[in-house]
Amino acid sequence: MLRQPRKTVHSVNSRVASTGVRSNRPSQVSIIVATLGFAIPACQALAAPIPTAVEASASAAPTYTFDSELLMGSSLGVADIERFNKVSSVDPGNYRVDIYVNDVFISRQPVEFRSTDGGEVYPCLSDDFLTSTGMLVESATSSEVSGASSASTDSVPDEAMPAVHTPPAEALPALCGPLAQRVPGASTAFDQSRLRLNISVPHAQMKHVPRGSVDLASLEAGQTMAYLNYDTNYYTSSAFGYKTNSLYAGINAGLNIGLWRFHQQSAYTFNNSPAGSAGQWNNIRTYAERPLPAWNSHLTVGQNFTGGNLLSSVGYTGFHIETDDRMLPDSMRGYAPVVNGVANTNARVEVSQNGNVIYQTTVAPGPFSINDLNPTSYQGDLTVRVFEANGQVSTFTVPFSAVPNSLRPGASHYSFTLGQVRQVEGSNAKFADITYERGLTNMITANGGARLSTDYQSVLAGVVFGTSFGAFGLNAAWSNALDAQGNRVNGWRSSINYSHTLQQTMTTFSLAGYRYSTKGYRDFLDALSARVAYQNGETWSSGTYQQRDQFTVNVNQSLNQYGSLSLSAAISSYYGSRPRDTQLQLSYNNHYRSINYNLSFIRQQTGMLYGTGLPNLVSGSAQSGSSGQSSNTFMATVSIPLGSGPRSASLSGSVATGTGQGTSFQTSVSGIADTAQTLSYGLTASAETQNGAKSVSGNVQKNLSMVTMGANYSQGNGFWQAGANARGAAVAHRGGVTFGPYLSDTFGLVEAKGAEGATVRNGSGARVDSFGYAIVPSLTPYRYNDVALDTKGINQNAELTGNQIRVAPYAGSAVLLKFSTLTGHALLIGANRPEGEPLPLGADVLDSTGAAIGMVGQGGQVYARVPEDRGTLTVKWGERREDQCAIAYDTTGQDSAPIVRMSARCTPLESAEIQAAAR
């Protein structure tokens, strides 16, 4: 019979295993437990479950009691096994832990645990770190920490602690006391089974900052790197004996130095046909930019395009400075109203929109204000419920409708551009732009702007009203310009936009608008292009030139289980003899079980347009002499999944008929061909009744770790076509050149020496190459990004000491993410003490640097990963030298074995030291 347990230990399996990874070796946990299998048997031999309450920070596993008296006189040894009894206890040392403040994840990083003279172990956290999490800290003094002494812990090499970029807590002070002495009412609880440090702080001791805020000191500027995105496409076709070939190669290159980012985007095209061959290199833009965090802005110098938010977009050469809303936390971006109310007690406030709870908080008695709602939808009033402590519930509604230019109260956005127009050939006009927007109240946002040039001036002013009947955006603009003949003309343009959701009928006007211009109003690019065209004896026209009015609407009507109707329309009319332009689409969508179907009517009518024939980049300009056309098309489509798994193929078909077009039929099947979901395919067959044309086509795409490649082929009546494409990226850095599938403007470079073959999670198939590097294609700027490696496929003689890093980059950063690895042989040693007894259960196993890398399991089994072929491990179960011994190992010639098994005698330290000196 087992003795009745005296004390309680929580989560024995995890507790014992995690102790084996003290001094920052968490990756050993699963290996020790899985390989040795000692935890559960040890608990059953030494402890029995007792019905005690489990503390909140502990897991729900059965509780146990360890009694060291049960080991006395046994062959298991006399290691300090009772140190596992204390709930949430931890030995002094360094641990890589997940830090949570009031249940909000902060970071994963190394933390030193120190002990007081009374034996209490507490985390040593710097004032800078606590302040960065929002705590109001009373700085530690000598008197506060006089009872705290640095524990006698094993040293941990720097390379054993992977870099943690945020928050800045790595500079620990020489003196730091328990948290409760520095932040009144605060407490810590360490869950060693999950390596999680929970910090509880009273609301009054926390600074009020918007949710999702990232401290500027935590932002990562990145490393000096050069990079290249490339996209290539080859196309060849033959129709009725005429063969053509074309090649396209686009590049987007850059160089990062500090906070400066230098960009170059260009493309090369080559066409070969019976009429001849021609190739052209097109420089799209070249510019440099950098963030200005003190101003919440970014600066651009060189060739780029203006945003086009209030004033029309213009390609320029010059400089541009603008508010960068990405620097704001999600809870402050976009539009959301401020919710004001009054609570009679300590109350819980719940905010919901369209039946979904989007915010919840606790407020003190008295007036409260909520100004950090995340923007979830521009439509749908907010319902606010206040749940009082005495059981009373009060409810009120806050109107919520917005158009794109709506801003929160107190929020603002500005931009300024000074440069020369570069997208109208033959014009070197210089100009200056300035815009400003500001949220005044929950209901009103004001905006204004001006554009000034030698022969062109315009000003704009507007306001946005948010009401219970919807959001209205009103603005008026005036322009003064030289027309094509050099005469000065001026005029006005006014517009109104509307956005609203009618909850009763479930009708959503996502955006409806009307714009009217007098005959003398000119857009900047239209005025410049018309003068250049006149000088060349041509006529200029575009979608905005001499436009009289334009009506646009996007509306969706939900029919519940009967599907939905949507209408999208844009109708424009012009001064002079140019006919009206009409674009209209009416659609009905529904599904039957997993089958989706759609019915659409599309009407298009385009008036006659004339272009200058000059190369330009003005969106919407027309080719010279194109004639007006009109068409009506009816279309029906259906999509049927051929299975339910992630690799299941999908069958789709469509029928279309229109005025003067006959009827066309199309059937296609597409899907994923491999379990890794890197190979996709598609097959299509089509036919037309009007001319009897038939065709078949197919395409395939493969996502590799370094490049994405695709091919396509089609054949029909009198023609065939084939093509191939490839796109990828390359990054040049201090360690060499690394290839990947693609790069966004903000990306990461993983350095994990020895982890060749590991996959970047959510990295589009990117893998650590033979040099120890991999590309993380995309990171979100000014947000915390968790980057993790999947060790499946990793070198069997290596393991990661931590497989996840958290980083918050500046926009455009190329961040180096350094993962530390342990390389060498995995050892499983059955060892006995000098007198032949098994090693004590729970004894620490130290490497040559003194870092704890494992623990003795049942039967004297020792697991460790060692970097050298030969060496010595130290086993320690007490502070006396006679409570320690050394194990010599030699793995020469066993490189292919995933785990090297051996038996050994643990010799006294004196003998081991003499033998080491002799060697």
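**Close-up 1. A nonpolar patch on the surface of the predicted model.** Seven side chains are drawn: Leu-255, Ile-257, Trp-260, Phe-262, Val-301, Phe-319 and Leu-418. Together they make a nonpolar surface patch of about 550 Å². Two elements give two or more residues each to this patch: strand S11 (242-257) and strand S12 (260-273).

**Close-up 2. Leu-418, one of the patch residues.** Leu-418 sits in strand S22, which spans residues 412-421. Its relative accessibility is 41%. Buried means under 20% and exposed means over 50%, so Leu-418 counts as partly exposed. The residue contributes to the nonpolar patch alongside others, including Trp-260 and Phe-319.

**Close-up 3. Positive phi at Asn-102.** Asn-102 is not a glycine, yet its phi is positive, at about 50°. The residue belongs to the loop between strand S3 (93-101) and strand S4 (104-116). Asn-102 has a relative accessibility of 36% and therefore counts as partly exposed.

**Close-up 4. Positive phi at Gln-546.** Phi of Gln-546 is near 55°. That value is positive, in a residue other than glycine. Gln-546 lies in a loop with a helix on one side and a strand on the other: helix H5 (524-535) and strand S29 (547-558). Relative accessibility is 25% for Gln-546, so this residue counts as partly exposed.

How values were computed
Residues are numbered from 1 along each chain as its sequence is written. This is a predicted model: local features need pLDDT of at least 70, side-chain atom pairs count only at pLDDT 80 or more; totals for chains, interfaces and linings use all residues. Side-chain values use heavy atoms; hydrogens and water are left out. Patches are made of residues with over 30% relative accessible area and no salt bridge: like charges are joined within 9 Å, nonpolar side chains (Val, Leu, Ile, Met, Phe, Trp, Tyr) within 5 Å. Accessible areas come from the Shrake-Rupley method with a 1.4 Å probe; for residues, only the protein chains shown count as cover. A salt bridge is a side-chain nitrogen of Lys or Arg within 4 Å of a carboxyl oxygen of Asp or Glu. Helices (H or I, at least four residues) and strands (E, at least two) are DSSP runs, numbered from the N terminus. Buried means under 20% relative accessible area, exposed over 50%, partly exposed in between (1.4 Å probe, protein chains only).
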